[in-house]
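Here are a few notes to read alongside the model, in the order I would look through it. I start with the open space, then turn to a helix and the cysteines.

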Amino acid sequence: MMTVYLSHGLESGPAALKMQALKGVAEKIDDCEPVVMDYRGITEPQQRLQHLLKVLSERGDDPAHRVLAGSSLGGWLSAAVSAQQPVLGCFLLAPALGLADYPETSPTIQARLTHIIHGWRDDVVAPEPVIERARHQRLSLRMVDDDHRLHASLDTILVDFERFLRQCSALSQEQA
């Protein structure tokens with residue numbers, strides 16, 4: 001069983017458009033369980049990170065069959081967790097990398113598969129630190145003509161996410 005943890009952004013929630021759309025894609029994949037995280041009321045990145053790590057520990061699923069997906073602060077959370085415990089996959093949407101007030105501005109992503117989608121017109125998280133992280137680690141990166149919310153790119157995101165999850169599922173089954 002592959003578990004997909006979906007982490008929303010700072011001012012978003014579990015019912016947000018992207019989170020629910022990603023959940024819908026994950027539900028279509030055989031042997032895949034989506035878990036939509038709820039960070040409402042937790043504003044500090046470090047506190048959200050501790051909450052996610054606690055949930056992962058309590059659920060006890062195998063990190064080798066774990067996919068972390070997130071948007072903005074949720075993308076940073078996914079990257080930060082993967083820096084501490086290697087995972088199967090990281091799918092990051094406008095990840096909040098390079099922000100000075102985060103505990104680790106650009107964590108080293110330790111996932112077997114990683115795919116990042118970021119907007120050229122993002123005025124919340126500059127594209128440069130994201131591009132640099134992808135370049136430094138040779139990670140899959142799709143730059144789109146969109147802003148931080150990436151709503152104009154939702155169709156592209158969902159196509160990429162389904163392909164990404166199918167690739168992760170194939171790797172997960174090899175390890176089973």
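1. Please keep in mind that this is a predicted model. In the largest pocket, helix H1 (residues 17-28) gives the largest share of the lining, with 3 residues. The lining has 19 residues in total, and Gly9, Leu10, Glu11, Ser12 and His148 are the ones that lie nearest the centre of the pocket.

2. If you plan to look at this pocket in your own viewer, its space comes to about 450 Å³. Sorted by class, its lining holds 9 nonpolar, 7 polar and 3 charged residues.

3. How many cavities of 30 Å³ or more are there? The count is 1, and the volume of the largest cavity is about 40 Å³. Its lining is made up of Met1, Met2, Asp30, Asp31, Ser169, Ser172 and Gln173. Helix H5 (residues 154-175) supplies the largest share of that lining, 3 residues. By class, the cavity lining splits into 2 nonpolar, 3 polar and 2 charged residues.

4. Helix H4 (residues 127-137) is worth turning end-on. Pro127, Val130, Arg133 and Ala134 are its buried residues. Viewed down the axis of H4, these buried residues fall within an arc of 135°, so they line one face of the helix. Glu128, Arg135 and His136 are exposed on the other side of H4.

5. What do the buried residues of H4 pack against? Their partners are strand S5 (111-119) and strand S6 (140-144). Just past the helix, have a look at the backbone too: Arg138 follows H4 and has a positive phi, near 55°.

6. On the cysteines, the structure holds 0 disulfides. Why does Cys90 not form one with Cys168? Cys168 has the cysteine sulfur closest to that of Cys90, but the two sulfurs are 9.1 Å apart, which is too far for a bond; a disulfide here requires sulfur atoms within 2.5 Å. Cys90 also counts as buried, because its relative accessibility is 0%.

7. Cys168 tells a similar story when examined from its own side. The closest cysteine sulfur to that of Cys168 is in Cys32, at 9.0 Å, so this pair is too far apart for a bond as well. With 0% relative accessibility, Cys168 counts as buried.

Key. Residues are numbered from 1 along each chain as its sequence is written. This is a predicted model: local features need pLDDT of at least 70, side-chain atom pairs count only at pLDDT 80 or more; totals for chains, interfaces and linings use all residues. Side-chain values use heavy atoms; hydrogens and water are left out. On a 1 Å grid over the protein atoms alone, a cavity is a set of points where a 1.4 Å probe fits but cannot get out, and a pocket is an open set with protein on both sides within 12 Å along at least five of seven lines; lining residues have an atom within 4 Å of a point. Grid points are joined across faces, edges and corners, and a volume is the space filled by probe spheres set on the points. Helices (H or I, at least four residues) and strands (E, at least two) are DSSP runs, numbered from the N terminus. Ala, Val, Leu, Ile, Met, Phe, Trp, Tyr, Cys and Pro count as nonpolar, Asp, Glu, Lys and Arg as charged, and the others, Gly among them, as polar. Buried means under 20% relative accessible area, exposed over 50%, partly exposed in between (1.4 Å probe, protein chains only). The arc is that of the directions from the helix axis to the C-beta atoms. Contact means heavy atoms within 4.5 Å.
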